[in-house]
Structure formats: C-alpha cells, structure tokens
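Reader: Please give me a close account of a single part of this model, in connected prose. I should like each term to be explained with its cut-offs where it first appears.

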Amino acid sequence: MGPTKVIPKGNALYEVKSGKLVKDGFTSRQEIEDYVAHHYTVLPVVDNAGNDWLLEGQPIYCLRGSRYETVDDEQLQLSRCPDCGGMGVRSDVPMVESDVIRCVACGNEFDTRLEMMET
C-alpha cells in the first residue's frame, strides 16, 4: 500500500479514487505541495508547463522518484522528457542497442540509457 493519491481541485485536495476531501483551505499551489511533502500523499505528475500527465484520461503518479503508477496502482514504464517534462512512452519496436522513448506532448525522441551514460 503506497501513499494516498490525491488530486487538487480549487483550494482543496481530494482522494482520487473515492473523491473524499483530504484537506481544504489552501491559498496557493506551493501550500499544496508543502502539505503533500509532509504527509503520506502524492500529487499527479505534471510537465514543465503544469499540465497533468494523463493516460486514458487518468492522472499518472510518481512514487519514490522513478516508479510511475495509474490511479489503480498499475505500474508503468514511463520517463520524463528532458525538453518539456512531458510523459515519455517506450517505443513498441525493441532495439538491443537503445531504448527509444517518445514524448507524447512534444514528440521528442530520446534514449534514457544513452543519457545516463553521458552524465
């Protein structure tokens, strides 16, 4: 059982599955992020422009910095686009020498293994 997956609506946080109010009265996004950082909750992943990552209309959550999950706890193989911060999805064509990932927001193609070797 992981952290409670929440979604911000207006000045409040709601549990994403049940719609139950978790806490309200926030005055800014920063207050919401501070609350989430100090409680066992997680916000949906957003790109650099602040848009939620969505898969089939459902928000995506990042747990422990690199594990991505749907609302229903399904684990996904996703990566953050280095250009726009959008959701990168692995190519359906397997390649031994590379692991091509394509951003659904900007269309950028990148290889996480190659980027890790360069840094």
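Author: Glu56 is found in the loop between strand S5 (54-55) and strand S6 (58-59); helices (H or I, at least four residues) and strands (E, at least two) are DSSP runs, numbered from the N terminus. This is a predicted model, in which local features need pLDDT of at least 70 and side-chain atom pairs count only at pLDDT 80 or more, while totals for chains, interfaces and linings use all residues. Residues are numbered from 1 along each chain as its sequence is written, and side-chain values use heavy atoms, with hydrogens and water left out.

Glu56 is not a glycine, yet it has a positive phi of about 55°. Glu56 counts as exposed because its relative accessible area is 80%; the classes are buried under 20%, exposed over 50% and partly exposed in between (1.4 Å probe, protein chains only). A positive phi, near 55°, also occurs at Arg64, again a residue other than glycine. Arg64 lies in the loop between strand S7 (61-63) and strand S8 (67-69), and with a relative accessible area of 65% Arg64 is exposed.

The strands on either side of Arg64 belong to an open sheet of 3 strands, which has the order S7-S8-S9 and antiparallel pairing; two strands pair if DSSP finds at least two bridges between them. S7 and S9 are the edge strands, each pairing on one side only. Between S7 and S8 the antiparallel pairing runs over 3 bridges, and Leu63 has Arg67 in S8 as its bridge partner. In general, strands of a sheet pair through backbone hydrogen bonds, either parallel or antiparallel.

S8 also takes part in an aromatic contact. The structure holds 2 aromatic pairs, where rings of Phe, Tyr and Trp (its six-membered ring) pair if their centres lie within 6.5 Å, and planes under 30 degrees apart count as stacked, over 60 as edge-to-face and the rest as tilted. One of them joins Trp53 and Tyr68, which are stacked at 5.2 Å centre to centre with 25° between the planes. This pair links distant parts of the chain, 15 residues apart: Trp53 is in the loop between strand S4 (41-42) and S5, and Tyr68 is in strand S8. Trp53 counts as buried because its relative accessibility is 2%. Tyr68 is buried as well, with a relative accessible area of 7%.

Tyr68 leads on to a pocket. The second largest pocket has a volume of about 210 Å³. On a 1 Å grid over the protein atoms alone, a cavity is a set of points where a 1.4 Å probe fits but cannot get out, and a pocket is an open set with protein on both sides within 12 Å along at least five of seven lines; lining residues have an atom within 4 Å of a point. Grid points are joined across faces, edges and corners, and a volume is the space filled by probe spheres set on the points. Of the 12 lining residues, Ser66, Tyr68, Leu78, Ser79 and Arg90 are the closest to the centre of this pocket. S8, strand S9 (75-76) and strand S10 (78-80) are the elements that each give two or more residues to the lining, and S10 contributes the largest share, 3 residues. By class, the lining of the second largest pocket has 3 nonpolar, 6 polar and 3 charged residues; Ala, Val, Leu, Ile, Met, Phe, Trp, Tyr, Cys and Pro count as nonpolar, Asp, Glu, Lys and Arg as charged, and the others, Gly among them, as polar.
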